[in-house]
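The following paragraphs walk through a protein structure step by step, beginning at its surface and moving on to strands, a helix and a loop.

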Amino acid sequence: GQIADIGGAYVALSGILAALFRRECEGVGGFVDTSLAESALLFSLFNWVDAISRGSAPGQGELTGGLACYRVYTASDGEPVALAPLEPKFWANFCHTVNRTDWIEGYTEPDRQAGLIAQLTELFATKSATEWDALLGKADCCFTRVTRPVNLAEDPHFSARGMLGTFDDSTAWMRSPVRIHDSEPHIENTAPGYGTHTREVFLEAGFDAGAIDDL
């Protein structure tokens, strides 16, 4: 996703709201200073700390492929599934569910990762993503199917929350993830269509009606 673009907007917004709140409390204004690059950097905090403390190579950090318990695997039907039971209780739940209690102890030890990744890769290749979802979805082990962008509207959570949709003309819309009680905005298609204001724009630019018709 566009971490810098969208994340940067939220970082700027948080700064603006904090400045407005300070103005209300102290009567002092302020200039909010942030950047897209620094906003993206914020989302890489764990990766950076991991790299400088462990000397991790790219793709080998704890949350970027290095830990067997925190990776994306491929099911038998070729669909991706994500596993992320970092905490011991969630990992134990996973191991009990797949009948591999021998994996529970020492699952984060560095020298175990290559072998454990290979075993988990083999395990997930034995069932389809739908089958894994049925088995692990309710096991409280931080498992989920990876939803492809084209299928986001079918996600049960997003559907129940009314997060995504399309207007009659097929224009797509997405709600804000921030909701405040009794202030839900009404969603309507107010964007002009192609060419809606072409004549007005040309008239304002000094073209006469005949020239606009010719164009």
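Helices and strands are here DSSP runs, of at least four residues for a helix and at least two for a strand, and they are numbered from the N terminus. The model itself is predicted. In these terms, Val178 belongs to the loop that connects strand S5 (172-174) with helix H9 (198-204). Val178 counts as exposed because its relative accessibility is 54%, the cut-off for that class being over 50%. Val178 is also one of the residues of a nonpolar surface patch of about 800 Å², which Ile6, Tyr10, Leu13, Ile16, Leu17, Leu20, Val32 and Ile180 make together with it.

From the surface we turn to strand S2 (residues 80-83) and its partners. In a regular strand, side chains alternate between the two faces of the sheet. Both faces of S2 are covered, since Pro80 and Ala82 on one side are buried, as are Val81 and Leu83 on the other. Strand S1 (residues 71-74) pairs with S2 in the antiparallel sense over four bridges, and in this pairing Thr74 stands opposite Pro80. The hairpin formed by S1 and S2 has five residues between the strands, and Gly78 takes a positive phi near 85° in that hairpin. S2 is also joined to strand S3 (residues 143-145), again in an antiparallel arrangement, by three bridges, with Ala82 standing opposite Thr144 of S3.

How is Gln113 placed, buried or exposed? Gln113, which lies in helix H6 (residues 113-124), counts as buried because its relative accessibility is 6%, and the cut-off for buried is under 20%. The side chain of Gln113 has polar partners in the backbone: it reaches the backbone nitrogen of Ala68 at 2.8 Å, while a polar atom of that side chain lies 2.8 Å from the backbone oxygen of Glu109. When neighbours within four places in sequence are left aside, Gln113 is in contact with Gly66, Leu67 and Ala68, and also with Tyr107 and Thr108.

Beyond H6 the chain enters the loop that leads to helix H7 (129-136), and Ser128 is found in this loop. Although Ser128 is a loop residue, Ser128 is buried, because its relative accessible area is 15% and buried means under 20%. Its contacts, again leaving aside neighbours within four places in sequence, are with Ala75, Ser76 and Asp77.

Notes
Residues numbered from 1 in each chain as written. Predicted model: local features only at pLDDT ≥ 70, side-chain atom pairs only at ≥ 80, totals over all residues. Heavy atoms only, no water. Buried < 20%, exposed > 50% of the residue type's maximum accessible area, 1.4 Å probe, protein only. Polar contact = N/O pair within 3.5 Å; in protein donor to acceptor, adjacent residues only side chain to side chain. Contact = heavy atoms within 4.5 Å. Patch = residues over 30% accessible without salt bridge, like charges linked within 9 Å, V, L, I, M, F, W, Y side chains within 5 Å. Areas by Shrake-Rupley, 256 points an atom, 1.4 Å probe, with all protein chains shown as cover. Salt bridge = Lys/Arg side-chain N within 4 Å of Asp/Glu carboxyl O. Pairing = 2+ DSSP bridges.
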